[in-house]
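Visitor: I would like a quick tour of this model. Please keep the answers short and show the reasoning.

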Amino acid sequence: MKLYNTMSRKVEDFKPIEDHKVGMYCCGPTVYNFAHIGNLRTYVFEDILRRTLEKNGYKVRHVMNITDVGHLTGDGDDGEDKLEKRSRETGKSVWDIAAFYTEAFMNDTASLNIKRPTVICKATDHIKEMIDLVKSLEDGGHTYISGGNVYFSIDTIDDYGKLAKLNLDELKAGARISVDDNKRNPKDFVLWFTNGKFKDQVMVWSSPWGVGYPGWHLECSAMSMKYLGKHFDIHCGGIDAIPVHHTNEIAQSEAATGEKPWVDYWCHGEFLINDKGKMSKSSGEFLTLSVLVDHGYEPLDYRYFCLTGHYRSQLKFSYEALDHAKSARQSLNDKVASLKKDVSPASTLSGKAEEYRHAFFDAMSNDLHAPQALAVLWSMLKDDEVPDDQKLALLLEMDSILGLSLDKVEAKKDESIPQEVLALVSERAEAKKNKDFKRSDEIRDRLISMGWSVKDTPQGPVVAKIL
RNA sequence: GGAGUCGUACCCAAGUGGCCUAAGGGGACGGUCUGCAAAACCGUUUUUUCAUCGGUUCGAAUCCGAUCGACUCCUCCA
């Protein structure tokens with residue numbers, strides 16, 4: 001399979017460190033608020049990546065962190081911890097805030113049918129590992145203490161910024177940001193903050209440098225290496241993480257272990273944007289999954305919507321576009337339901353079906369070209385040369401990557417229809433037989449007002465709940 | 001100020017030198033079917049057209065340049 005590697009800026013053949021196994025680390029959420037649908041796009045992308053790897057025969061160890069501490073609202077030491085800020089605003093404890101939004105996040109991802117990572121690790125449970133990492137950096141001469149904080153000195157390594165292809169001289173010259181006077185180099189970053197910066201900081205731990213809390217890049221390095229080793233296959237995140245977060249992770253991880261490369265493949269998801277540009281928690285409408293649900297969409301409509309664009313392209317969100325995805329998914333589900341009613345999935349595929357199967361999985365295995373794969377799916381559905389039982393079998397197999405829960409779509413049945421409705425339907429059939437169309441239309445209108453639609457097919461009337 | 005991405009038919013969105021007279025979905029419209037609808041199925045919207053202008057090439061949506069427009073990053077952010 002092929003994957004685009006941000007480090008090389010090329011699509012590369014994927015070769016794992018160990019045969020048939022993949023270690024994959026994904027930057028998780030900072031749990032000070034709900035995730036918006038832009039955040040969630042990245043987790044859908046990572047889920048598709050994981051499922052595609054699994055489909056290609058790899059056993060995937062998928063690790064994701066929960067950032068429940070130390071994520072500052074600003075750079076340097078002038079920002080405020082987001083959790084503490086939220087705590088102050090709401091009157092709840094930081095621990096309650098973290099627990100609440102962690103659960104909300106897990107619910108969101110579950111409803112999007114995102115597979116649960118193999119390991120979910122919280123930053124606050126790994127302070128010791130972070131301190132150890134700082135210690136080894138200190139032993140290696142990569143740190144200095146200034147203004148009460150422990151900094152990583154990027155001038156102690158010779159390839160800082162390689163992931164983002166940063167030109168350090170130009171950055172300095174064009175720097176727009178206020179430079180922290182405590183830093184020797186403007187791009188140096190804090191490994192450990194000591195206390196005394198903010199009053200009433202709740203989340204603090206003792207360390208060799210005093211009571212305080214970790215810098216926010218530290219957790220991903222410490223936890224990924226704890227669960228995946230000093231060298232692992234894939235590290236994922238949003239593209240915004242490239243220039244600062246991932247750049248700093250690489251710097252501190254490779255400096256700490258002395259091993260390069262730390263990670264073989266860097267995979268980044270592009271942004272979801274709207275008319276005004278990037279979705280953000282601070283400006284514009286704060287679109288969460290539950291807002292979409294309130295508007296009458298199902299979470300999987302949004303998942304389908306994500307699949308219609310390539311993960312490395314910006315995707316434009318609008319309710320109109322989401323409606324398209326909803327309609328498409330509805331008709332896919334209808335197709336599956338009617339196939340399930342008529343046939344059982346074939347145990348083997350042949351001829352044309354096998355060709356579609358290859359086309360689909362080739363598209364997915366080629367840097368996750370989901371839109372192409374969907375096109376293959378639809379062409380296959382419309383192809384009369386593919387028998388229905390093979391269509392169903394292939395759809396279900398495709399869904400192992402798409403994750404649209406096609407396996408849970410129920411075969412078309414009349415079971416859950418109330419007696420009252422059934423009685424009206426047969427009364428209408430009787431009226432139609434007697435050509436009493438006035439009466440039959442009355443009944444149809446009444447059924448519609450009750451929330452049921454009637455469709456007259458060659459096989460007789462079909463009743464369905466109006467959604 | 002610096003770095004980079006993108007602009008595809010009504011909408012979303014693939015395609016990144018010849019198999020493109022541009023996938024797929026959505027919408028709209030027309031047809032079949034129907035007492036009428038709905039659903040389903042078929043067709044049209046899509047023959048030089050891929051922001052505009054110019055260039056390279058036997059050949060460009062795809063490469064190069066300019067222009068216009070949109071966006072992202074360099075600052076917490078998926």
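Visitor: How do the axes of helix 11 and helix 13 run, roughly parallel or roughly antiparallel?
Guide: This is a predicted model. In it, the axes of helix 11 and helix 13 come within 11 Å and cross at roughly 10 degrees. Angles under 35 degrees count as roughly parallel. Helix 11 is therefore, relative to helix 13, roughly parallel.

Visitor: Which residues of helix 13 does helix 11 meet?
Guide: Helix 11 brings A353, Y356, R357, F360, F361 and M364 to this contact. By class, the contact has 9 nonpolar, 1 polar and 2 charged residues. The partners in helix 13 are Q390, L394, E397, M398, I401 and L402.

Visitor: Is Y356 buried or exposed?
Guide: Y356 sits in helix 11, residues 351-365. Its relative accessible area is 16%. Buried means under 20%, so Y356 is buried.

Visitor: What does Y356 contact beyond its neighbours within four places in sequence?
Guide: Y356 and M380 are 24 residues apart along the chain, yet their C-alpha atoms are separated by 6.4 Å. M380 is one of the contacts of Y356. With the neighbours within four places set aside, the full list is V376, S379, M380, D383, V386, L394 and M398.

Visitor: How are helix 10 and helix 13 oriented to each other?
Guide: Helix 10 covers residues 319-342 and helix 13 covers residues 388-402. Their axes come within 10 Å and cross at roughly 130 degrees. The crossing is left-handed. The two helices are therefore oblique.

Visitor: How many charged residues are in the contact of helix 10 with helix 13?
Guide: From helix 10 come L332, V336, L339 and K340, and from helix 13 come D388, K391, L392 and L395. By class, there are 5 nonpolar and no polar residues in this contact. The number of charged residues is 3.

Visitor: How many residues of helix 9 are buried?
Guide: Helix 9 spans residues 299-307. Its buried residues include the charged D301 and R303. The helix is largely enclosed by the rest of the structure, because its buried count is 9 of the 9 residues.

Visitor: How many disulfides are found in the whole structure?
Guide: A disulfide needs cysteine sulfur atoms within 2.5 Å. For C121, the nearest cysteine sulfur is that of C220, 8.3 Å away. For C236, the nearest is that of C26, 4.0 Å away. A search of the whole structure gives a count of 0.

Visitor: What is the relative accessible area of C236?
Guide: C121 is buried, at 1%. C236 is also buried. For C236 the value is 0%.

Visitor: Where is P261 found, and what is omega for the peptide bond from K260 to P261?
Guide: P261 is in the loop between helix 7 (242-257) and strand 11 (263-269). The peptide bond that leads to P261 from K260 is cis. Its omega is near -10 degrees.

Visitor: What is phi of N113?
Guide: N113 lies in the loop between helix 3 (94-111) and strand 5 (119-122). At 22% relative accessibility, N113 is partly exposed. Its phi is positive in a residue other than glycine, near 60 degrees.

Visitor: Is S405 buried or exposed?
Guide: S405 is in the loop between helix 13 and helix 14 (419-433). Its phi is positive, about 55 degrees, although S405 is not a glycine. With a relative accessible area of 13%, S405 is buried.

Terms used:
Residues are numbered from 1 along each chain as its sequence is written. Chains are lettered from A and ligands numbered from 1 in the order in which they are written. This is a predicted model: local features need pLDDT of at least 70, side-chain atom pairs count only at pLDDT 80 or more; totals for chains, interfaces and linings use all residues. Side-chain values use heavy atoms; hydrogens and water are left out. Axes are lines fitted to C-alpha atoms, for helices over the stretch in contact, and angles run from 0 to 180 degrees between N-to-C directions. Helices (H or I, at least four residues) and strands (E, at least two) are DSSP runs, numbered from the N terminus. Angles under 35 degrees count as roughly parallel, over 145 as roughly antiparallel, 65 to 115 as roughly perpendicular and the rest as oblique. A crossing is left-handed if the near helix is turned anticlockwise from the far one by less than a right angle, and right-handed if clockwise. Contact means heavy atoms within 4.5 Å. Buried means under 20% relative accessible area, exposed over 50%, partly exposed in between (1.4 Å probe, protein chains only).
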